[in-house]
Structures are given as structure tokens and as C-alpha cells.
Protein chains: 2
Amino acid sequence: MRTRPLKVALLGCGVVGSEVARIMTTHADDLAARIGAPVELAGIAVRRPDKVREGIPAELVTTDATALVKRGDIDVVVEVIGGIEPARTLITTAFEHGASVVSANKALLAQDGAALHAAAEAHGKDLYYEAAVAGAIPLIRPLRESLAGDKVNRVLGIVNGTTNFILDKMDSTGAGYQEALDEATALGYAEADPTADVEGFDAAAKAAILAGIAFHTRVRLDDVYREGMTEVTAADFVSAKQMGHTIKLLAICERTEDGTSVTARVHPAMIPLTHPLASVRGAYNAVFVESDAAGQLMFYGPGAGGAPTASAVLGDLVAVCRNRLSGTTGPGESAYAALPVSPMGEVVTRYHISLDVADKPGVLAQVATVFAEHGVSIDTVRQQGKDGEASLVVVTHRASDAALGGTVEALRKLDTVRGVAGIMRVEGE
Amino acid sequence: MRTRPLKVALLGCGVVGSEVARIMTTHADDLAARIGAPVELAGIAVRRPDKVREGIPAELVTTDATALVKRGDIDVVVEVIGGIEPARTLITTAFEHGASVVSANKALLAQDGAALHAAAEAHGKDLYYEAAVAGAIPLIRPLRESLAGDKVNRVLGIVNGTTNFILDKMDSTGAGYQEALDEATALGYAEADPTADVEGFDAAAKAAILAGIAFHTRVRLDDVYREGMTEVTAADFVSAKQMGHTIKLLAICERTEDGTSVTARVHPAMIPLTHPLASVRGAYNAVFVESDAAGQLMFYGPGAGGAPTASAVLGDLVAVCRNRLSGTTGPGESAYAALPVSPMGEVVTRYHISLDVADKPGVLAQVATVFAEHGVSIDTVRQQGKDGEASLVVVTHRASDAALGGTVEALRKLDTVRGVAGIMRVEGE
């Protein structure tokens, strides 16, 4: 084993960074044995140097992250700051000064992944980011390496623990959205401003990264259709249960049927209770992958948290250090397929539509005609009357989002339709 | 991209081999793009050259596997013959003649993994075998690479699809073992001679491989305690359900509590219905991993079959080809921890014991005394009387296998105990 240590610069010492530092210290011997050389924390860049950080050597702490990545003797920069800047500049500076990079930064990778990969390649360095998607769950490496000889057709994932906690709570207790959110906040599963989670921004960033890797193409954050889950109601769960389903916020990346393009989207969806994703509870994440040869795979685990994310970061650190010792780099960006990303209108799936209608003869015929005129085939209809009003629940066969949109627009214009109470996609069948 | 192709020799052209050959042909462009050079099937060694093999170029077929691996221009040998010989000799010959090896051979890896790794290392070649454990499910790579910065404490897996199909059938229909086995055989899930599956030999080989990788130590097939599932009855499932459990044949690899040794075992066990492994249906496999930092992870998918296994083989092929192009090798054997394997008597778990006892006062007190004398603490007792006889179901707290064995021996000697109807371990809590 080499005795001269590999030097690691840690950018950020919050929930994840402090766990990375802790494990690097407590498991130093194991890491050295697995890498083939010792690793040494050479510096830790923080914003607030005065904050008490138990177990973190004070002499390593600096507020000058730029000077740290420019030192020239750093082998690997671990970026766990998050956000776009200064993370982006620090990472490119790191490459320019000879370091490889391990990052947990989903927002940055989703927005600028291609440029960062190009910078890494230009300098012959590694850029690894297992922790950016689904925390501790090995996902990037399996998709990029284990399935490298297969053709992935669909990735269907619960990639945000906060929203899964909320939806699971609504499912199991019958609570409404606000009540479940309040509990998630009280328990620390949701942030004070939960927008990034509940509006699907966080999941959309992960969808962009997953789609790019799964399909060997480039998918940017802007390419991902996004719909949050703030409008999911207790009534939606009742409807879902009536058809043996539950509701999850899913990130869905698919090859279109003719294989010439891909789609990526995040929205709430009904999935059958028999689907492996349906039983993913609490703040856990899980990603379901469908490929030509392997068939159906699922990866399950904690999607966030200091220690789980640190596990993913350190797995990458070991790999990058090993590459460095053997004078090579791991797989970089694989975007050779260069498939276009189709707009949401071309996505084909099934829909669950609840209508408030007048309780009189002929309404169902009118509604069915509208569906037929738009080429949307109906699978089942359930009609319930109450006090002169009635509700009509329609579940469709597969149809394009555009066709469904046209159908709903036309339904709203019918005199007998009082309102469209809810539209939800049905997935995983 | 390099234009000179990497040459692959395929040993075996059965269910898996023919899929490997098929995908190498139909997905040649994708493989070339992902590797950075074309790959070419240079030869296929078979036992029966006259068998019709659709899509397999006849000019590549040979019966002389030894000559094929000795050619000297082969970059990667893919071994999907199975069994110990001639696979072992062919693999070592391949290393000697400059090739890296991708294998799906669990029996060989479990028995001679250390020697094969040593041969690979001595010749500076790769030995990859993702397909040897749980078919298409990425497991070896996540354990060896993604979790390289973490400390794995337990691996709990359903790693045999045949037995899971049988147990799932018994669970869902109330069928007995033989009836469920007959159905598995009729449907092609069980072989004519199901011994390797139902007696746990197949799972034990996988347990040895998983334990070695998870704990960075050497675990041989002989180190794995093994108990088949042929004696699981419909009544056991009724008992399991009464406590909210089901029964699975599990491969369990654990660090002992003080961390100084490991254990590996295969046996039927009751697990709670709320455990993610409980909902693994049919012939699917799943492996649950517990580690210090990542927490609880699960990997799920098809554990066998031609195409799924080929997916894993080809993922390895891409990795090995990439390593070859960059003049390096991937992670080899990591056995630095050199932990001893403790015998079964030292395994600590919970037990579900059914006793047929005389239906008279004082029996429970007698039985409880025996448990206490052996240091086995009782969690719950359920007593049911019927026609002068009674059954007593005892669920214990955690105790060593040796202590439980002593308890059962003493119970058998009690006049009031007519028989020990069943003993099953309780896991996953």
C-alpha cells in the first residue's frame, strides 16, 4: 500500500459534510485498505468558521474555499455545499488545479451537468455524484455501469422523501395535505419553506440526471415537465383506493414507443397497490427501472439525511481515489445517443378523471362522446348520484397528454359537466 | 473511438450464453459507444456443436474451449458454463493467456473465489461476476463500490427464485410444500431435480460470495450454515400469519455483535409482513443490506433467467472492456479484514417454537423453566387446547443458536412435551 496519503478538500460542513469528515476520521483504516493508500482531510471550507463543530479539527477549517481548491496538492474535492454558485465555479476551478470531484449537488448537475462533465474530461479528471440522486441508494453506478450492456426503457422513482412522507401519511391516516405537511414539518421531514420538495423541483432535478444516465443522452432541468403535489386531496386517496391504487409523487423517465426520443416528468400519480413502489413508506426513496434484458429492478433506501448521503459520497471518494492511484478515470458522461426530449403533450399514459355532473339521463353518453371525439378510449366509468348532482369517475386507456388535455377542455364546455374535480395520471401498470 | 475490436470468447451457449451472443449482435453499436471500441464475438465454445442455435454464427462455434481461451488474441472470456470443472481450468488458462474474465458461476466463485482472484491479480487481469448472485440485480458492484466508504453490518436476501416461488405459492394459496413444488416444476421454475434450490445449496453459494464482499473477508461455501425449506408446512404459514409474519428462505450474512467475526447462513425464516422482503413475490429475488451510514437498502429484481443474467454479464463485459482500453483493472478481491467465520452455534436471533404438549396444569411452568435454565428469554407464549392435547407456541427474545439447541433438547425430555412440532428462526425485526 502506498503510504503517501491522497489529499481531500471538503467544501461544506453541514449535515452531510460533517458526516463525511467524521467517517473519514473514524474509518480511516478501512478507507485506506479499500483504496490502497491513506486519505487525508487537507482542508474544510465553511461559511461560518466560528460555529462549533464537534470532532472537526479547527486547524483544517477555512472560509476561503477558492484558495483551498487552488492549492494544487488536492487529489479530490468533495463538494457538499449545494446550489449553483459558488459550487459551480469551485468545481471547475478544482478540475483546473488537478483535482477530481465528488459532488452531491443535484441542482447543479441537473442544470450544468454537460458543462461540468466536459470540464472534467478536458482535464482528465473524474466527476462522480452518486449522492445527488436518492441519497444512499446506489443508483447512478448501477445505471451507468451495471446496466451498461442493457437497454433501459423506463425509470420510475420516488426520489423525494419529504413528499413521500406526506403522501404516505395522507394514505395511512386519511389526513389532508396541509395536516400531513404540518406533521412532516414538525418532525423535521419538511423544511420551513417546503416549496422545492412539494412543488417537485427537487424531484425534477433528479429526473433530469436519471434520464440522462439511463438513456445515454442529455436531459436538462428545463426539459422535465413538473407538477407538484399540493393539490392532492384526501378524496383523491379515496378514489385511488377504490381502484386498488395509492398515490405517489413520481419522477418518470421514458423512452417513447418508437424509441426516437425520451420524456422526463414529475407529477403525482396513482399506482397499483401491487406495484413494488406502492409499499415504499415514510421518507424512504425507491427507483424502479425497466430494461430490455434485466426486466424490472428496484433500488430502495433512505433518500436523504447526513449519514446516508455521506455513504454515497464516500463510495464515490473511494472509487475516485482508486482511479487516481491507477492513473485512470471512471466512466464520464455518456450522451452518445443524443435523443431529443419530447414535450409533455406526447407523453402517453392512463388517466383518472373525476367529474361533477348533473344527475340526469344522457350525461354519460355526452361525456363518452367527448372522449371518443378526442381519440381517448375509456377503460372504466363509475357513476355515483347524490341530491340531483352526480360524480362520474372515468379511467382511460393509454392516451397522449395532448389528447387528454383536449378532452378535458371540451368536457368543461358541456352544460351537464359542473366541474372537473380532479385529473390524475395512472402509472405502473 | 478505437476501431480495432475487442475480442470476446464465449464459453457456453445455453440459456444465458445464447442471450449474451444475441445482445452482443443486436446491440453492437450501443456496446461500442459505451465501451469506446467495438466488441466482437471471436468464438463460442459448446458441448454439442450440432444443436440448432438460432442467430448464432455457425463458424464461431467450437467444441475446443481450451484452444479458444489459449488463442492469445482474446481480450475477455465470458464463462457461462457453470459448475466447477472445466470452468475453473478454463478461467485460469484464460488469465494465463492474457484475457480478463466475466463469469456467472456462483458455485465456482463460492468454492474457489480466493484462488481465482489471486490468478487474476497475478496476471493483471479482471475477474467480474455480477451475474453469479441474484441474476440481473446489481449487487456485487453496489456492495463492492457504492458502499466502499461504508460499513456493512448485515445482508439479508432472497437469492433463490425457485424457493421464493414455492414459498410465495404456499403463502398465498395455503398449499403444502409438495403441491407448490409440483406447480413450480410444471411452470419451469423448478428443475426436475430441485435439490440444489430447495436444500439451499444454491443460496449458500451466493451467501458465501455476498458475505466475502460485504465484509471484506473470505467466506467459503463450507463456512455457510445451510438448511433447506422442504420441511416448511402449511401449518407454519398459519403460525407465521398469526404473528403478522410470512416465511422466506433467506441468506443471512452478519457481523457478530462485537464485530470480531462474521456469520453466514441459509435457512427458512419468519419475517414481519412489514419488512420490504416480505412482499417479494414469485420468482423474484431481493437483497436487503444494512450498513452504518447508508442505513437500510434493498435491491430487487429477477434473480435468474437467460436475459436478466445476460444483462449482468454484459454490464461486466462493458466494465472489463473499458478497463482494458484504459490499461487498468477494476477492484479485485478485498479480503483485508480477514475476519473469522463463527459457527452456527454463535448466531444470535429469535425463534418460533411449536410444541405439542399435554393439556394439563403446570405444563407452561415446566416449559418456561427449561427456557430460563438455558438463558433463553421468552417474548410471547400462545397456548391452544384440543382434546386433552394442547399446542404451545413460544416466541423467544434473541438467543444464541447453541442456547436454543440446548433448550430444545431439554424440552424433548419433558414427559409433558409430546413433541417439538417446529422450530423456525424469526428475522428482520
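**A tutorial on sheet, core and contact**

Student: Which residue stands opposite B:V101 in β6(B)?
Tutor: Strand β5 (residues 100–103) of chain B and β6(B) pair in the parallel sense over two bridges. Here strands (E, at least two residues) and helices (H or I, at least four) are DSSP runs numbered from the N terminus, and two strands pair if DSSP finds at least two bridges between them. In β6(B), the residue facing B:V101 is B:L127.

Student: Before we go on, what kind of model is this?
Tutor: Residues are numbered from 1 along each chain as its sequence is written, while chains are lettered from A and ligands numbered from 1 in the order in which they are written. Local features need pLDDT of at least 70, side-chain atom pairs count only at pLDDT 80 or more, and totals for chains, interfaces and linings use all residues, since the model is predicted.

Student: Which are the edge strands of the open sheet in chain B?
Tutor: Happy to help! The six strands run in the order β3-β2-β1-β4-β5-β6 with parallel pairing. An edge strand pairs on one side only, and that describes β3 (61–62) and β6 (127–128) of chain B.

Student: What angle does helix α1 (residues 15–26) of chain B make with β2(B)?
Tutor: This helix packs on the sheet, touching β1 (6–11), β2 (39–45) and β4 (76–79) of chain B. Angles run from 0 to 180 degrees between N-to-C directions, with axes as lines fitted to C-alpha atoms, for helices over the stretch in contact. Against the direction of β2(B), the helix makes about 155°.

Student: Which residue of β5(B) stands opposite B:E79?
Tutor: Let's start from β4(B), which pairs in the parallel sense over four bridges with β1(B) and over four bridges with β5(B). B:E79 of β4(B) has B:L11 opposite. In β5(B), the residue opposite B:E79 is B:S103.

Student: Which residues of β4(B) are buried on the side away from B:V76 and B:V78?
Tutor: In a regular strand the side chains alternate between the two faces of the sheet. A residue is buried if 20 or more other C-beta atoms, placed from the backbone, lie within 10 Å of its own; 12 or fewer make it exposed, and in between it is partly exposed. Both faces of β4(B) are covered, and on the side opposite B:V76 and B:V78 the buried residues are B:V77 and B:E79.

Student: Which residues touch the most other members of the largest nonpolar core?
Tutor: A nonpolar core is a set of buried Ala, Val, Leu, Ile, Met, Phe, Trp, Tyr and Cys residues joined through C-beta atoms within 7 Å. Contacts of B:V313 beyond four places in sequence include B:V16, B:V78 and B:V102, a contact being C-beta atoms, placed from the backbone, within 7 Å. Of the 290 residues in the core, those touching the most other members are A:V313 and B:V313.

Student: Which element supplies the largest share of the side of chain A that touches chain B?
Tutor: The contact takes 48 residues from chain A and 48 residues from chain B. Elements of chain A that each supply at least two residues include α1 (15–26), β12 (295–302) and α12 (306–325). The largest share, 10 residues, comes from α12(A).

Student: What is the bridge partner of A:M298 in β12(B)?
Tutor: β12(A) and β12 (residues 295–302) of chain B run antiparallel and are joined by three bridges. The partner of A:M298 there is B:Y300.

Key
Two residues are in contact if their C-beta atoms, placed from the backbone, lie within 7 Å.
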